[in-house]
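Visitor: I would like a short tour of this model. Where shall we begin?
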Amino acid sequence: MTTLKSKLKADLNAAIKERDELRSSTLRLTLSAITNEEVAGKEKRELSDDEVQKVIAKEAKKRREAAEAFAQGGRPESAEREKAEGEVLAEYLPKQLSDDELRQIVTQAVEEAKAAGAEGPRAMGQVMKIVNPKVAGLAEGGRVAALVKKQLAG
C-alpha cells in the first residue's frame, strides 16, 4: 500500500474515533474514489503516490465546483459543506503556486515559445507544453491556461 493511501486510512480511523463527521465522510469518499480508480480498467492495480495525489486533486476540484454551483443556486449551507470538504482534501495536496510564482513560470515559457518562433494565440499549445511539466500538481490547469491566454493576448 502506498504511503499516502495508508495515511488517508489512518486519518480516517482517527476521524472516526474523534467522531469528526465531516472529515470521516470526506476521507471515506476519497478512499472509495481511489479504490474505484484502482479497479478501473481490465485488471486491479495498486496506485502510486502520484496517482493517489491526482485522484485527491480531482476530488478537491469536484468540491470547489460543487461549492460554486451551490452558492450560485442559493444554497449557502451546502456550499459551505463543500468548501469545508475541499479544505480537508487540500491538506493532502502539495502547496499550490502563488499567482506571482505562476506568472513568472508562464512568462518564461511565453518567451521560450517566442524564441522558437511561435507567437500570438496560436502559440497556446506550445506554451502549455513548456509550462505543464513545471507546474504539474502545483497549479490548476484552468488557472494556468487563463494566465497563458492573457499573456499571449498582450
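Guide: This is a predicted model. We begin with helix 2, residues 21–39.

Visitor: How many Å does helix 2 reach from its first C-alpha to its last?
Guide: Helix 2 has 19 residues. At 1.5 Å a residue, 27 Å is expected. The helix comes close to that, reaching 27 Å.

Visitor: Which elements are included in what covers the buried residues of helix 2?
Guide: The buried residues of helix 2 include L27, L31 and I34. R23 and E38 are also among them. The cover includes helix 1, helix 3 and helix 4 (76–90).

Visitor: Which residue with positive phi follows helix 2?
Guide: Look just past the helix. Its phi is near 95°. The residue is G41.

Visitor: Is helix 1 parallel, perpendicular or oblique to helix 3?
Guide: Helix 1 (residues 3–17) and helix 3 (residues 49–72) pack with axes 7 Å apart. The angle is about 50°. That falls outside the ranges for roughly parallel, antiparallel and perpendicular, so helix 1 is, relative to helix 3, oblique.

Visitor: How many residues of that contact between helix 1 and helix 3 are nonpolar?
Guide: Helix 1 brings T3, L4, K5 and L8. Helix 3 brings D49, V52, Q53 and I56. Of these, 2 are polar and 2 charged. The nonpolar count is 4.

Visitor: Is the whole protein more spread out or less spread out than a compact globule?
Guide: The protein has 7 helices and 0 strands. Its radius of gyration is 19 Å, while the globule rule gives 15 Å for 154 residues. The value is well over the rule, so the protein is more spread out.

Conventions
Residues numbered from 1 in each chain as written. Predicted model: local features only at pLDDT ≥ 70, side-chain atom pairs only at ≥ 80, totals over all residues. Heavy atoms only, no water. Axes fitted to C-alpha atoms, helices over the stretch in contact; angles between N-to-C directions. Helix = DSSP H or I, 4+ residues; strand = E, 2+ residues; numbered from the N terminus. Parallel < 35°, antiparallel > 145°, perpendicular 65-115°, else oblique. Contact = heavy atoms within 4.5 Å. Nonpolar A, V, L, I, M, F, W, Y, C, P; charged D, E, K, R; others polar. Expected span 1.5 Å × (residues − 1). Buried < 20%, exposed > 50% of the residue type's maximum accessible area, 1.4 Å probe, protein only. Rg over C-alpha atoms; globule rule 2.2 N^0.38 Å.
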